[in-house]
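Visitor: Hey, could you walk me through this structure? I'm new to this, so plain words please.

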Amino acid sequence: MSAFALPARRQAAVSGLGTLWWQVIWRGRGAGGTPTFHVHSRAVFSSSAQLQQYQPPGSFPHVHRSTLAKLTPQQVTNVLRANDTSFVMDFDSPVHRFDSNQLASNSPIEDRRAAGRCLYSGDMLFGVFDGHGGCACSQAISERLLDYIAVSLMDYKQLCEYKKSMETSAGRAEAVRRFNFANDYATEESARRYTEGLYKFAREVLAAYDDEAEAEDCLRHAFERVDEDLSSEAQTKLPNGQINFEALQAAYAGSTSVVAHVRGADLYVANVGDSRAVLGVQREDGTWEPRPLSSDHNALNPSEILRIRGEHPRSESTYVVKGGRLLGYLQPLRAFGDVKFKWKKELQMEVLNTAYNKNLIPVNYYTPPYLTAMPEIIHHRLTSSDKFLILASDGLWEPMNKRQAVRHVGEHLTGNHRGTLRINGMKTLGDMNDILKKRRANRSSEVMDQNVATHLIRHALGDTDDGIDHSKLATMLTLPDEIVRLYRDDITITVIFFNSEHIASLE
Amino acid sequence: MFLHRVRPGSPLVSRVVWTARPRPWTAILVQYIRTTAGCQELSTTQDTDDVQKPLPSQARVVIAGGGVIGCSVAYHLAKFGWTDVVLLEQESLGCGTTWHSAGLVAQLRANAIHTDICHYSTQLYASLEEETGLSTGWRQCGSMSLARTADRMTSLRRIAAAARAKGLRCELISPKDVAARVPLLRVDDLKGALWLPADGMASPSDVMQSLAKGATSRGVEMHQKVAVETVLTAGGRVTGVHTNRGDIRCQYFVNCAGQWAWELGQRSTPAVRVPLHSCEHFYAVTKPFTGVNNKLPVIRDPDGMHYVREYSGGVLTGGFELNPKPVFTNGIPPKFEFQLLEGDWDHFMPLMVQAMYRMPALQQAEIKQFLNGPESFTPDMVPILGEAPELPGYFVAAGMNSGGIASAGGVGKVMAEWIISGDPPAGAWPLDIRRFGDQHTSRGYLRDRVKETLPMHYVLTYPKQEFQSARKVLTSPVYPLLEKAGAVFGETMGYERANWFSNPDSGDDFMDLGRQTKGTFGKPSWYEAVRREYLVCCENVGIMDMSSLAKFEVQSTGDEVVTYLQRLCCNEVDVPVGTVLHSGMLNHKGGYENDCKIARLAKNHYFIMSSSKQVVRGWQWLHRHLPSDGSVRIKDVTRSYAALNVLGPRARELMNSLTDAVTMNSHHHMFPPDTCREMSIGFAPYVRAMSFSHSGELGWMLYIPQEYALHLYMYLWKMGRAFGIRNVGYYAITHLRLEHGIPSFGADLNPSVTPFECHQDQYVKLDKTDFIGQSALLKQKEEGVRQRFVMFLLDNHDLENDLWPWGGEPIWESGRVVGMTTSAGYGYTLKKQICLGFVRNPDPQTGQGQVITNEFITKGKFDIQIAGKKFSATARLFPPKL
């Protein structure tokens, strides 16, 4: 059972009733209604699940008016912090620590995240994956992509060592030591298939080892290979001749992906889709400057539209991106999975239509593939003024822009000091006053959360002109499942803090 | 924490050299190096000496802390003839806070002795160069305190009246005069200003070095890089110090460790409480700009929370912000010498904006430097001086509240006198360390409280203003009921005491009224409420919680306790068991050390009650005079007993109704005044009932073990309803006592007042056995008194529109000031403002006090000057019959 409060403004907008009542919707959710994702337990925490503990007993499957059911500040904080995690590196590394958090809108949440350290090279990898059409694809990507990247980036010697480990270790040879988030889980049924795919990839990389390959190429290779494996595994039938639904679901659903790879002072960001990577750079005067390290692959990006149109006959140019979506269906213009935009019609007829017993082929589907998982890669050489990198799914970027996000993190990082102001030669008291006024105007409210990702979510959902508004925040967290997706998407944030001293030593 | 290191010398670093030598304990440390001629001279001689010179094995006095205060104490001890003095500095001289002080020397302070101290400092700094050859950088440029509001102007008028009475030159000037003196200032919003020509500024490091040289040239030894680790004690006295370079035996130890004083205080057994806490203090220095020269007076704009002084052609501007930042709650980092904290421009901004508003030319002034130097602050914004009550021989001089340079000269003198004579100098009570108790020691308390005290430099303080922070430290068992009844509490020694009740009947309507009301110099918001309480005490019966009073028990097996108390008290204490007597405890000059009620509970068992402020000091006085054989035991039972006072004409009826008729009437016929009896009231046994009140009304004091207090209070209320019982607060009691002309300890009585000077002759038995102060009193009896406690009734005071007297107003007689009022309030029965105060009659030629005759009082034409306005007053030697 769960209940949700709906403030007057929202309710009026949704139901058209101009009343100033709070509306609480009680919904029965029997034991039989438990979503299947709980099978893997270590459940993905959704806000509505969290809220169940605040309900008075009794369940009424009808609309009930009440002034209750608003969250207290502590309850809001509990909801916001349910999935937050922070890791501090206890080894010498260009990354000092990272904070991460997730807030679900979909039930179950479709976003995934992953972080790990390459066992052979010591490189750090961070990924945020925004799934759509369910969480099967983002889940698969989050389990597989980092390993593929690690393998792809290995040099010859490391590959040989890894091969040896593959052959000797009974279980899965680790390429990446992962940092586990509280709500992580692994799909055990697929583990074998994933390992086989990875081993095969490693052998091929070793066989065709290219000394000259740039990191960008390796990353690209890994991305494409994961997508290919998703696709090919979906076509492979089980030994008993039946369709492998697990694999098919992962390929049929889709996911964006933004991955940051840190090797010394070299930062590579590989992006597929509309999640974002933004670097926080501290200027001389202590203020913060956002530097985007990814471009969005969606219809708001003219170069993406041009790319897609260029890949298909001129006759299709009116359909390929229609209503801001690929073929009128899909928002991100690059993605993993989503084989219904990649496979040829015949293949779809054979596999998908058989499996799901209906025609899933999009309209105007003439010259596939329409979709690719080819990442756009940006390389950045870190300096000591680069303080942190924000990786976040579009759930964050809808309510908050890059500048705000970087400012919030920057101020969180520096606490009250907001950076040191230096008196450089010619500054007068009047100049200083102007600078301070500007800074004051940009100042955000007090820091409540230690975890900066939580801090960002709190601001993203609760910010008003006068700082964080508790009732707005409480409302955003108690929207009913039916409409929550209209107001906010799944939010996943990982903020990576760089060790300036380590980086300065590399400069 | 980012720390910057600057060395050595003044805050005003002219040349900065960066070196890349990080300190081991923090990698982010930045080091500056600077040399000044003065510092070099001192440090070279001192440093080279240090290396070879071993520590002496003993000294008469060891001073810990080589800042300006420590150097001044050393200088004055040597000057007064005590040259066997060793000063120990843990790093190098002046490296703590002295070097980054702004160097302002202001003379007007919150209390008379502190003003005297700073006045002496100005004279010392002006003349020290002649003696030592080292300049102090003293410049008498005058100072100006600006008023933006009418209330501020009133406050300045009150200050000016008091200052003139002390003989300080000062002048209230118009905004036009302000502009004429300092054309840089914006004056269109000003109401006026107070001009003090004798104020000035000094160079902190130079003052310190000059004092240090004056001390060393007289034989004082100064050792740097010697840290006091523990203070050694034996037999409850200081016997020496243990340092990182060996032990020194000594008779006296002086803790002049500044913001380290709290920590150092903890390093002795028993620990000595030095309640102070560091706060960040910010100021900026500009490069020279036109319009500024070395004639620029120090400008204080308290309504804008900032000050401005000239500094080498530019100005130095800092302030005392409303939201100060306490630091070092958990200790000061090691090696914090010549170090600063990170500058916080955002924090400084409000002060800077005000400074630029007041002096628009500052906007174009280039910034030379911005400093954040931590300084120590005390719970009441007054320095902490004197001998620690915990440990004889252990002296403290610390907690200068950003006024170290201004105070240093005088503090050194006062401390030297104190150490040499063993007794506090006259009027030193406001600074006395014994005003603090255990409740003032915790770091959390201090951290909270200094946030409120730092802004007090500039926030307008109204009469009877209470601290708002760090409250409810000590509460009586009936506190919740009083609070519910609408009590508006004040604080005394950390104890919550109801001052008045916003609604004595019931209901919560007025609960918050008055708590938030703005202060006033005129008719206060509580006037009506206190009048109602006053009338209750005159017509029916009032009940007041007096649990904050200091209570001690003294006992012995034989009659040693009688001998002991006979020696301490000026009144006869060998009275029948069950008697309550009133007596002063006097010092050798016949002045009050304590004024108390003493109940003889048994033959060898006395119960001593005195004012709340006397918890530490009263105990220390008793403790100090204990016979060394241990035959008399004293016990501080302040926390064990709650005290309820029932007073008013129907108090006897109430008392009769409470207790068994047998105890009340038949046994002793009646419960006569000034007697004491242990009885059961309600369910509460062991109630010590004493028939007296503190205000001259009929009343009983009931002392009860804490746990029974709530019950007793409720029982008294239940039984008292029939007699119209009401809660009354401290203000009502004060007003009752004022009309009866009863002097109160703390406000009126102090160690320089004898009983004969305040009509307490009835409590002095000169013919009894020897007691302390007897000879002084005998002498005074013969010669006559030179000051006299007088009650003044103001003749033509308009209650509604005139400013009220609050104590501290000058008393004028034929064109000269003859004294200051000590207590004041409205006489609800006499329908007149009442002032109590001491009157002297200085000889016009010599300035010596003459004997005060009754004629001088009764025939004299007196005026009381309230914030500049004089009111004629009728002087009365004895209170009128009510």
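**Looking around the model**

Guide: Let's start at one residue: leaving out residues up to four places away in sequence, B:Arg237 touches B:Leu232, B:Gln251, B:Tyr252, B:Leu391, B:Pro392 and B:Gly393. Keep in mind that this is a predicted model.

Visitor: OK, and where does B:Arg237 lie?

Guide: B:Arg237 is in strand 13 of chain B, which covers residues 237-243.

Visitor: Is B:Arg237 buried, exposed or partly exposed?

Guide: Partly exposed, since its relative accessible area is 33%. The cut-offs are under 20% for buried and over 50% for exposed, so a value in between counts as partly exposed.

Visitor: How far is B:Arg237 from B:Thr269?

Guide: Their C-alpha atoms are separated by 9.8 Å, and the two residues are 32 apart along the chain. B:Thr269 also takes part in a cis peptide bond, joined to B:Pro270, with omega about -5 degrees. B:Pro270 sits in the loop between helix 7 (261-266) and strand 15 (277-279) of chain B.

Visitor: What joins A:Pro368 and A:Pro369 over in chain A?

Guide: A cis peptide bond again, and here omega is about 0 degrees. You'll find A:Pro369 in the loop between helix 11 (345-356) and strand 17 (376-381) of chain A. A:Asn364 is also in the loop between helix 11 and strand 17 of chain A.

Visitor: What's phi like at A:Asn364?

Guide: Phi is near 60 degrees there, which is a positive value in a residue other than glycine. A:Asn364 is buried too, with a relative accessible area of 16%.

Visitor: And what about phi at B:Met305?

Guide: B:Met305 has phi near 60 degrees, also positive in a residue other than glycine. Its place is the loop between strand 17 (298-301) and strand 18 (306-311) of chain B. B:Met305 counts as buried, because its relative accessibility is 11%.

Visitor: Switching topic. How many helices and strands are in chain B?

Guide: Chain B has 20 helices and 44 strands. It has 882 residues, and buried ones make up 62% of them.

Visitor: What share of contacts in chain B join residues at least 24 apart?

Guide: That's 72%, counting contacts between residues at least 6 apart in sequence. Here's an example of a pair far apart in sequence: B:His735 and B:Val530 are 205 residues apart along the chain, yet 8.6 Å apart in space, C-alpha to C-alpha.

Visitor: Which residues does B:His735 touch?

Guide: Not counting residues up to four places away in sequence, B:His735 touches B:Trp526, B:Val530, B:Tyr534, B:Gly825, B:Tyr826 and B:Tyr828. It's in helix 18 of chain B, residues 730-740. B:His735 counts as buried, since its relative accessibility is 2%.

Visitor: Which residues touch the most other members in the largest nonpolar core?

Guide: Those are B:Val178, B:Trp345 and B:Leu362, in a core of 57 residues. Helix 8 of chain B (residues 345-358) gives the most to this core, with seven residues. There's also a second, separate core of 50 residues, and it includes B:Ile69, B:Val207, B:Leu385 and B:Val411.

Visitor: Why would nonpolar side chains be buried together?

Guide: I can only give you the general trend: in soluble globular proteins, nonpolar side chains tend to be buried together.

Visitor: Back to chain A. At what angle do helix 15 and helix 16 of chain A cross?

Guide: Roughly 100 degrees, and the axes of helix 15 (residues 452-462) and helix 16 (residues 470-477) come within 8 Å. The two helices are therefore roughly perpendicular to each other. In this contact, A:Arg458, A:Leu461 and A:Gly462 of helix 15 meet A:Lys472, A:Leu473, A:Met476 and A:Leu477 of helix 16. Those residues divide into four nonpolar, one polar and two charged.

Visitor: Last thing: what's the mean pLDDT of chain B?

Guide: It's 88, and 91% of the residues in chain B reach 70 or more. Confidence in chain B is lowest in strand 3 (residues 30-33), with a mean of 29, and highest in strand 25 (residues 394-398), at 97. Over residues 1-50 of chain B, pLDDT stays under 50.

Visitor: And chain A, what does it average?

Guide: Chain A averages a pLDDT of 80, and 81% of its residues score at least 70. Over residues 1-69 of chain A, the pLDDT is below 50. For the complex, the predictor gives an ipTM of 0.76 and a pTM of 0.69.

Notes
Residues are numbered from 1 along each chain as its sequence is written. Chains are lettered from A and ligands numbered from 1 in the order in which they are written. Side-chain values use heavy atoms; hydrogens and water are left out. Axes are lines fitted to C-alpha atoms, for helices over the stretch in contact, and angles run from 0 to 180 degrees between N-to-C directions. Helices (H or I, at least four residues) and strands (E, at least two) are DSSP runs, numbered from the N terminus. Angles under 35 degrees count as roughly parallel, over 145 as roughly antiparallel, 65 to 115 as roughly perpendicular and the rest as oblique. Contact means heavy atoms within 4.5 Å. Ala, Val, Leu, Ile, Met, Phe, Trp, Tyr, Cys and Pro count as nonpolar, Asp, Glu, Lys and Arg as charged, and the others, Gly among them, as polar. pLDDT is the predictor's confidence in each residue, from 0 to 100. A nonpolar core is a set of buried Ala, Val, Leu, Ile, Met, Phe, Trp, Tyr and Cys residues joined through side-chain atoms within 4.5 Å. Buried means under 20% relative accessible area, exposed over 50%, partly exposed in between (1.4 Å probe, protein chains only).
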